[in-house]
Amino acid sequence: MASASGNMGDATTSSGKMDYVNQSQIVGMIISAVVGAVLGAVISFTVNCTLVEISVNAFFAVYFGVLFCLISGWMLWRVATGEHPRPVLLGTFSALVMMAGLLCFVLESDWVINMSRGAKVPLYTILGIAVTFALLFSIVDLVNFCYGASSGPGKALVESEQQVLLIVATACVLGFFFGLVFGLLDVEDADFAHLRQALNRQEHICYPIGASISAVAAAINQYMRYKQGEEYKYEAVAKDDVLDDEDF
């Protein structure tokens, strides 16, 4: 009877711990989703303003062109040093950022200015993806650096291949929608008096898109971190069991 009572007590304690872990994970995912939504809105605002500046100001077009080329070179160097998983995929997107940088130098050319609105949409879609990817890549690297510095070496918010693919997919989807909306609304051709109105109209569309997609991506990333932590714990327990068996 005492043994049965002890087993029931252990089971109740284990169940309580599982409920606490699940609740803490849900709370963590909700917090991550809220932070991701705010970050997505900030990214939406930044990307939209960048596209406007590139389109209407020749100086900023050259400036961002040089900046994108430098960011692309830095990303390619990071890939070459082997600091990121999936180097081929990240190298491809680094080349996309480079292409977007070169695109900035020709946006003021006559053949681009005389293009129809529909023909400009693919150009701004590429620019949107590149700008979002470069911005998101920089933010993730900065967050990983700060998180690693505060939590100790080897700690990162984004480190597995699945998480990197999630960031890449999020950047592609966000950048595609931002560039698509920018091109379809023909923001770049609005005169100076109506430019702010055109930008506000675009932001009203892009803010919900950026916030919702980023919130979902942040929650999924947090879930991946939990699963990854559980796998590490399982591997550590398995190794301890092997050592114990060998000792006997």
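Contact here means heavy atoms within 4.5 Å, and on that basis 78% of the contacts in the chain between residues at least 6 apart in sequence join residues at least 24 apart.

**Figure 1. Overview of the predicted model, an all-helix chain in the pattern α-α-α-α-α-α-α.** The predicted chain holds 7 helices and 0 strands. Of its 248 residues, 38% are buried, while the chain as a whole exposes about 13900 Å², an area to which carbon and sulfur atoms contribute 69%.

**Figure 2. The largest nonpolar core, with its 44 residues.** Within this core, the residues that touch the most other members are Ile54, Phe68, Val97, Leu127 and Phe133. At least two core residues come from each of helix H1 (2-56), helix H2 (58-80), H3, helix H5 (117-151), H6 and helix H7 (192-247), and the most come from H5, which gives 11 residues. In soluble globular proteins, nonpolar side chains tend to be buried together.

**Figure 3. Surroundings of Leu127 in the core.** When residues up to four places away in sequence are not counted, Leu127 touches Leu51, Ile54, Ala100, Leu103, Cys104 and Leu107. Among these neighbours, Ile54 is, like Leu127, one of the residues that touch the most other core members, whereas Ala100, Leu103 and Cys104 are among the buried residues of H3.

**Figure 4. Helix H3, residues 87-104, and its buried positions.** H3 has 18 residues and reaches 26 Å from its first C-alpha to its last, close to the 26 Å expected at 1.5 Å a residue. The buried residues in H3 are Leu90, Gly91, Phe93, Ser94, Leu96, Val97, Ala100, Gly101, Leu103 and Cys104, and Val97 is also listed with the core residues that touch the most other members.

**Figure 5. Thr170 and its setting in helix H6, residues 161-184.** Thr170 counts as buried because its relative accessibility is 8%, where buried requires a value under 20%. Its side chain reaches the backbone oxygen of Leu166 at 2.7 Å, and, with residues up to four places away in sequence left out, Thr170 touches Leu136, Ile213 and Ala217. The 24 residues of H6 should span 34 Å at 1.5 Å a residue, and the end C-alpha atoms of the helix are 34 Å apart, so the two values agree. After H6 comes Asp186, which has a positive phi near 55 degrees.

**Figure 6. Aromatic pairs, with two examples from the 7 found in the whole structure.** Phe64 and Phe68 form a tilted pair, 6.0 Å centre to centre and with 35 degrees between the planes. Both residues lie in helix H2, 4 residues apart, or about one turn of the helix, and both Phe64 and Phe68 are buried. The rings of Phe176 and Phe177 have centres 5.7 Å apart and planes at 75 degrees, and the pair is therefore edge-to-face. Phe176 counts as partly exposed because its relative accessibility is 37%, and Phe177 counts as partly exposed because its value is 32%.

**Figure 7. The aromatic cluster that includes Phe64 and Phe68.** Ring pairs link these two residues with Phe59, Phe60 and Tyr63 into a cluster. Phe68 is, in addition, one of the residues that touch the most other members of the largest nonpolar core.

Technical notes:
Residues numbered from 1 in each chain as written. Predicted model: local features only at pLDDT ≥ 70, side-chain atom pairs only at ≥ 80, totals over all residues. Heavy atoms only, no water. Expected span 1.5 Å × (residues − 1). Buried < 20%, exposed > 50% of the residue type's maximum accessible area, 1.4 Å probe, protein only. Polar contact = N/O pair within 3.5 Å; in protein donor to acceptor, adjacent residues only side chain to side chain. Core = buried A, V, L, I, M, F, W, Y, C linked by side-chain atoms within 4.5 Å. Areas by Shrake-Rupley, 256 points an atom, 1.4 Å probe, with all protein chains shown as cover. Phe/Tyr/Trp six-rings, centres within 6.5 Å; stacked < 30°, edge-to-face > 60°.
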